[in-house]
Amino acid sequence: MTGAVAGMLVAANPERVGDAYPWGHIIWASIGLVGVTAWPAGAWRRGSGVPWALRPAVAAAAVAVLLALVVWFGAELITGSGQAGLAERVAGAAQACWPLAVVLSCLNSKMWDKALPSHAASGGASSVSAAQAR
């Protein structure tokens, strides 16, 4: 939510020609980057049935990678080394791909939940052969 609101406020405060430091744009973009970078930490869950992308260790790794990419982007902006565009695109792609990874892990978890009960109930045999064995 923070990232979405900040994104709208970034659009409301565009960079203007001749303005070396568009503070409104910088402030809202920074808030948006922090929100999108930190959300995996707020989304993690504990438990055996939790999808892999929402587990604490995976969420912490996601935050670390996203933060490293945002720091790289910030360093490129500050130093003017000429790779700010690349850093921005890599960080943006990672921030866009992480929610997709979470959704796919949730879908994968639901598929396993549907597949495992019949498999586990029969002790590894098919449900038909388990019923015949009784």
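Select Ala 53 first: at 2% relative accessibility, this residue counts as buried. Keep in mind that the model is predicted.

**Stop 1: Ala 53**

Ala 53 sits in the loop between helix H2 (23–43) and helix H3 (56–79). Now show its neighbours. Leaving aside residues up to four places away in sequence, Ala 53 touches Val 58, Ala 59, Trp 98, Ala 101, Val 102 and Ser 105. Pick out Ser 105 from that set. Ser 105 lies 52 residues from Ala 53 along the chain, yet their C-alpha atoms are separated by 6.0 Å.

**Stop 2: Gln 95**

Next, select Gln 95, in helix H4 (residues 84–121). Is Gln 95 buried or exposed? Its relative accessibility is 12%, so Gln 95 counts as buried, the cut-off being under 20%. What does Gln 95 touch, not counting residues up to four places away in sequence? Display Leu 33, Val 36, Thr 37, Leu 66 and Val 70.

**Stop 3: H1 against H2**

Keep Val 36 on screen, since the next stop uses this residue of H2 too. Add helix H1 (residues 2–12). The axes of H1 and H2 come within 8 Å and cross at roughly 160 degrees. H1 and H2 are therefore roughly antiparallel to each other, as angles over 145 degrees count as such. The crossing of H1 past H2 is left-handed.

Colour the contact residues. From H1, take Thr 2, Gly 3, Ala 6, Leu 9 and Val 10. They meet His 25, Trp 28, Ala 29, Ile 31, Gly 32, Gly 35 and Val 36 in H2. By class, this contact of H1 with H2 has seven nonpolar, five polar and no charged residues.

How values were computed: Residues are numbered from 1 along each chain as its sequence is written. This is a predicted model: local features need pLDDT of at least 70, side-chain atom pairs count only at pLDDT 80 or more; totals for chains, interfaces and linings use all residues. Side-chain values use heavy atoms; hydrogens and water are left out. Helices (H or I, at least four residues) and strands (E, at least two) are DSSP runs, numbered from the N terminus. Buried means under 20% relative accessible area, exposed over 50%, partly exposed in between (1.4 Å probe, protein chains only). Contact means heavy atoms within 4.5 Å. Axes are lines fitted to C-alpha atoms, for helices over the stretch in contact, and angles run from 0 to 180 degrees between N-to-C directions. Angles under 35 degrees count as roughly parallel, over 145 as roughly antiparallel, 65 to 115 as roughly perpendicular and the rest as oblique. A crossing is left-handed if the near helix is turned anticlockwise from the far one by less than a right angle, and right-handed if clockwise. Ala, Val, Leu, Ile, Met, Phe, Trp, Tyr, Cys and Pro count as nonpolar, Asp, Glu, Lys and Arg as charged, and the others, Gly among them, as polar.
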